[in-house]
Amino acid sequence: MIEQERLLSNPFPGLRSFETDENYLFFGRDGQSDEVLTKLRTARFVAVVGTSGSGKSSLVRAGLLPALFSGHMPSAGSSWRIATFRPGNSPISNLAKALSEVCGADARGNAAIRLTNIERTLRRSSLGLLEVVSQSKMAPYENLLILADQFEELFRFRKKSTDEHPEDEAAAFVKLLQISLTRKKKSEKTHPFIHTSLINTKKYKVII
Ligand SMILES: Nc1ncnc2c1ncn2[C@@H]1O[C@H](COP(=O)(O)OP(=O)(O)OP(=O)(O)O)[C@@H](O)[C@H]1O
Ligand SMILES: [Mg+2]
C-alpha cells in the first residue's frame with residue numbers, strides 16, 4: 001500500500017528545491033553532480049552559480065550530498081557532517097548556529113552554551129573556523145561540508161542592515177572561510193575542510 005502510494009505520488013516537489021532524501025526522484029543532472037564533486041575534491045570550495053530558479057539548491061542537496069554520503073569522493077570517505085545555513089542578516093551568527101548543530105565540542109552539553117562558545121570563537125579571530133573544527137573533536141575519518149545557500153544574502157545584507165558596520169561582519173565572515181581554505185592548523189590536518197556556496201549571478205558578481 002505504501003509502495004503503491006509512493007508510485008502514485010507526484011515525482012516533482014513543486015516550487016521548492018529537491019531535498020537530499022529525494023535523490024531517487026532527481027534526474028537530468030548526473031554530469032553536473034560529478035563536476036561539482038570533482039571541483040570540491042580538488043579546490044575544497046565550489047560556488048554553484050546560476051540564475052534564479054535554475055536548480056542550484058536541488059543540484060547540491062539531491063545531487064552532490066547523496067553522492068558524498070555514498071562515498072563518491074573516495075579520498076574523503078563517506079562520513080560527512082553538513083552545516084547548512086543562509087547568511088541572512090548575520091552571517092557569523094548563522095554560521096555558528098549551523099556549526100553548533102553538527103559539530104558541537106560536546107553534544108551532551110548545554111546547547112545554548114555551545115552556541116555562545118562557537119560564535120565567540122568565530123568572532124575572536126580569522127582562525128575561528130579552524131578553531132571550532134579542531135575543538136569539535138571530529139574523528140579523523142569525518143568530513144565537514146559547509147553549505148551556504150543564498151550566499152548572495154551577504155551582499156543584500158550590506159544594503160539592508162541597521163548594523164553600524166555591516167561590511168565588517170561580511171568581511172570577517174569571508175575571511176573565516178578564506179583562512180580555513182588556505183591555512184591548516186596542525187590539529188586540523190586530518191580534516192578536509194570544504195565549502196559550497198550557492199550564488200545567484202543575475203545581480204551579483206563574486207570574485208573569490
Ligand atoms: N533536475 C530537475 N528536474 C526537475 N525539476 C527541477 C530539477 N532541479 C530543480 N527543479 C525544480 O526547479 C525549481 C527551482 O529549483 P531550485 O530551488 O533548486 O533552484 P535554485 O537555483 O536554487 O533557485 P533560487 O535561485 O531561488 O535559490 C524547483 O521547483 C525545483 O523543484
Ligand atoms: Mg536555491
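Q150 is partly exposed, because 17 other C-beta atoms lie within 10 Å. On this scale a residue is buried with 20 or more other C-beta atoms within 10 Å of its own, exposed with 12 or fewer, and partly exposed in between, the C-beta atoms being placed from the backbone. Q150 sits in the loop between β3 and α7 (153-160). Helices (H or I, at least four residues) and strands (E, at least two) are DSSP runs numbered from the N terminus.

The model is predicted: local features need pLDDT of at least 70 and side-chain atom pairs count only at pLDDT 80 or more, while totals for chains, interfaces and linings use all residues. Residues are numbered from 1 along each chain as its sequence is written, and chains are lettered from A and ligands numbered from 1 in the order in which they are written.

**Backbone angles**

Most residues other than glycine have a negative phi. Two non-glycine residues with a positive phi, and one glycine, are listed here.

| Residue | Place | Phi |
|---|---|---|
| R44 | loop between α2 (30-43) and β1 | about 65 degrees |
| Q150 | loop between β3 and α7 (153-160) | about 60 degrees |
| G71 | just after α3 | about 80 degrees |

R44 counts as partly exposed because it has 16 C-beta neighbours inside 10 Å. The C-alpha atom of R44 is 9.2 Å from that of L145, although the two residues are 101 apart along the chain. L145 belongs to strand β3 (residues 143-148) and counts as buried because it has 23 C-beta neighbours inside 10 Å.

**Overall layout**

The protein has eight helices and four strands, in the order α-α-β-α-β-α-α-α-β-α-α-β along the sequence. Of its 208 residues, 27% count as buried. Two residues are in contact if their C-beta atoms, placed from the backbone, lie within 7 Å. Among contacts between residues at least 6 apart in sequence, 71% join residues at least 24 apart.

**Ligand 1 and helix α3**

Ligand 1 is surrounded by 17 residues, the closest being S17, G55, K56, S57 and S58. A residue is near the ligand if its C-beta atom, placed from the backbone, lies within 6 Å of it. The shell holds five nonpolar, 10 polar and two charged residues. Here Ala, Val, Leu, Ile, Met, Phe, Trp, Tyr, Cys and Pro count as nonpolar, Asp, Glu, Lys and Arg as charged, and the others, Gly among them, as polar.

Helix α3 (residues 56-69) gives the largest share of this shell, three residues. The 14 residues of α3 should span 20 Å at 1.5 Å a residue, and the end C-alpha atoms are 19 Å apart, which agrees. The expected span is 1.5 Å times one less than the number of residues. Buried residues of α3 include K56, R61 and L68.

**Helix pair and core**

Helices α5 (residues 111-124) and α6 (residues 128-135) have axes that come within 7 Å and cross at roughly 145 degrees. Axes are lines fitted to C-alpha atoms, for helices over the stretch in contact, and angles run from 0 to 180 degrees between N-to-C directions. In this pair, I118, T121, L122, R123 and R124 of α5 meet G128, L129, E131 and V132 of α6. The contact residues divide into four nonpolar, two polar and three charged.

The largest nonpolar core has 31 residues, and L99, L122, V132 and L147 have the most contacts inside it. Among the elements giving two or more residues to this core are β1 (45-50), α4 (91-102) and α8 (166-182). Such a core is a set of buried Ala, Val, Leu, Ile, Met, Phe, Trp, Tyr and Cys residues joined through C-beta atoms within 7 Å.
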